[in-house]
Amino acid sequence: MKRSFSAALAAFSVFAFAPAVMAQATATQSESYTAPEGAIEVFTPMRDETVLAGNLYLPEGEGPWPCIVTRTPYLKDARYGQPGAGDRYTDAGFAFLVQDVRGKGRSEGFYRAFIDDGPDGYDTIEWMAEQDWCNGRVGITGGSAMGITSNLAATYDPPHLDAAYVIVAPSTRLTGSYIGGAFKEQDSGGWSRRQGISEDVIANTARNYPDSAYWSNTEIGDNRRFIDIPMYNYGGWYDIFNEGNVRNFQYLQNEGRDGARGNQRLTMGPFGHGPLSGDLDYPNGGGLGVLTIDGVDQEIRWFDYWLKDIDNGIMDEAPVQAYMMASARTDELSDQNRWMSFGNWPPAPNYSEFYLHPNGSLSTRAPSGDEMVSYEFDPENPVPTFGGANLTFERGPMDQRQIGERGDYLRFETDVLTEDVMVAGPVTMQLYAATDGPDTDFMVKLIDVYPDGYEAIILDSAIRARYRNGREPDQIEMMTPNAPVELTIDLWDTAITFEEGHRIAVHVTSSNYPRFDVNPNTGEHPSDAETPRVAENTIYMTEDRPSAIILPIIYDPN
């Protein structure tokens, strides 16, 4: 069946993570307040008697109806204050409630980003189920921050929650602020500054990566074992929460509780948390917003099936729809760019190692010598960021040639490909490395090199060396100077065809600023270091320490 994917961009481009607790004045329920056109303002008591405000939209005719809720920190009247804001749901026969989270908008309480959204989501869903306009069947929906509140509510397992639809949301709150222990300076720090958060609070956030009780009750990845409902995850390959949609689907589909296991759906498109930058444009790729297939709204279709028992065939279709990216220069689009259907994710790939070699080559041939490459990493001259999975600044498949030739930026690439290499699944870097000090960072990028030399970033990730064994307090360990260690760097998932005539490349460095804060190489946190030091970092490419990127290769089923 021919499929057409389109997206009406939604207002999800606001940051989805507040990296620190923020105070909000208690809202008031003013008698002079007027609800948006078509809405009824309702008030929901929480278990601690805090009252949350929401706008309720009801279908025409007689109820009760199945109900859908979204819970937002971005103000119900701002995002859903326009006439017809609830029509998409009410026209489909659902009552729809958009609620200000605790401490935001017209809701009472103290705002603590995502800390209270599990129990508050539970209380809201169960309250809805008891109202005379609700028939007891409830769904939850949302993207970005609203996707996070949806996931957190589901981990509390409300008895009347029957289904969820989640757009671009993570599997862990950590993803909003850190990658591999490196703090996301521009996205997390910069966004926080614009919200008026002090530098002291931002610095404390940057230090907060180690595991602690603070994270426990809001860690979706740890608590998704309690989810027992069908969930539709919709995400983007360049989105800041790529990993969340993919890995929440994977767990729930294959290891989840009864009710969740086998009842999940995943769609991944070639988009980011906002418009892509760079000279690539993926045709028919959808975007961040309403997903339609053949003109049919998939969210409504999902809730029709699970809240109304309408057998519309959605559960007879392949569980995974993934966009296979390929050559996509705006003036020369490849027909290899296409949507593909899979029975699961990853789609049973053959994992192949592509090894780094001291001469700058990348190949499936393992090194046989004892060579290595060293470079000096100066924290006062970091490698600049161009593209990637960013939020508040340029994002997507930008050209890495802008970085130029630097001694601290190592490029490795294959020979020109004589046939297509189709990759679909998680990408991992096994890097053997050393540093001459107590701590440093290592950054890795997966690159599609076009015939004209354009270096399109596909994935990138980081690891702060002290966290190489994990983030539990007993796992955090400084480096022994000049002693090589094995570093496993998770680059997340993708689906891309490296086409004939292109090259596959891996770039290795120790900074990527302002995407990440810059490690001072002293063992101190970046916010505490007064005098950073230049580090000598070494990448091993030897027979006994073969650094390699591991690519999940599949074969075209067509």
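A residue counts as buried when its relative accessible area is under 20%. Cys67 has 0% relative accessibility, so Cys67 is buried. This model is predicted. Its protein chain has 558 residues, and 62% of them count as buried. The secondary structure comes to 10 helices and 28 strands.

**Overall shape and surface**

- The radius of gyration of the protein chain is 24 Å. A compact globule with 558 residues would have a value near 24 Å, so the chain agrees with that expectation.
- The C-alpha trace spans about 75 × 55 × 40 Å along its principal axes.
- Take the contacts in the protein chain with a separation of 6 or more: 78% of them join residues 24 or more positions apart.
- The protein chain exposes about 20,500 Å². Carbon and sulfur atoms supply 45% of that area.
- There are 41 positive and 83 negative side chains in the protein chain. The centres of these two sets lie 1 Å apart.

**Two cysteines without a bond**

- A disulfide is a covalent bond between the sulfur atoms of two cysteines.
- The structure holds 0 disulfides. Cys67 is in none, and its nearest cysteine sulfur, that of Cys134, is 3.2 Å away.
- Why is there no bond between the sulfur of Cys134 and that of Cys67? A disulfide needs the two sulfur atoms within 2.5 Å. The sulfur of Cys134 is 3.2 Å from the sulfur of Cys67, so the pair is too far apart for a bond.
- Cys134 has a relative accessible area of 6%, so Cys134 is buried. Cys67, at 0%, counts as buried too.

**Helix 5 and its surroundings**

- Helix 5 covers residues 185–194. Of its 10 residues, 7 are buried, so the helix is largely enclosed by the rest of the structure.
- Which residues of helix 5 are buried? They are Glu185, Asp187, Ser188, Gly189, Gly190, Trp191 and Ser192.
- These buried residues pack against strand 9 (182–183) and helix 6 (199–206).
- Gly196 comes just after helix 5 and takes a positive phi of about 85 degrees.

**Unusual backbone in the loops**

- Most residues other than glycine have a negative phi, and most peptide bonds are trans. The residues below depart from one or other of these patterns.
- Gly63 and Pro64 are joined by a cis peptide bond, with omega about 0 degrees. Pro64 lies in the loop between strand 3 (51–57) and strand 4 (65–72).
- A cis peptide bond also joins Tyr513 and Pro514, where omega is about 20 degrees. Pro514 sits in the loop between strand 26 (503–509) and strand 27 (535–542).
- Asn521 lies in the loop between strand 26 and strand 27. Its phi is positive, about 70 degrees, although Asn521 is not a glycine.
- Is Asn521 buried or exposed? Its relative accessibility is 0%, so Asn521 counts as buried.
- Asn482 has a positive phi near 65 degrees, and Asn482 is a residue other than glycine. The loop that holds Asn482 runs between strand 24 (455–464) and strand 25 (485–498).
- Asn482 has a relative accessible area of 49%, so Asn482 is partly exposed.

Methods
Residues are numbered from 1 along each chain as its sequence is written. This is a predicted model: local features need pLDDT of at least 70, side-chain atom pairs count only at pLDDT 80 or more; totals for chains, interfaces and linings use all residues. Side-chain values use heavy atoms; hydrogens and water are left out. Buried means under 20% relative accessible area, exposed over 50%, partly exposed in between (1.4 Å probe, protein chains only). Helices (H or I, at least four residues) and strands (E, at least two) are DSSP runs, numbered from the N terminus. The radius of gyration is taken over C-alpha atoms; the globule rule is 2.2 Å times the number of residues to the power 0.38. Contact means heavy atoms within 4.5 Å. Accessible areas come from the Shrake-Rupley method with a 1.4 Å probe; for residues, only the protein chains shown count as cover. Lys and Arg count as positive and Asp and Glu as negative; His and the chain ends are not counted. The place of a charge is taken as NZ of Lys, CZ of Arg, CG of Asp or CD of Glu.
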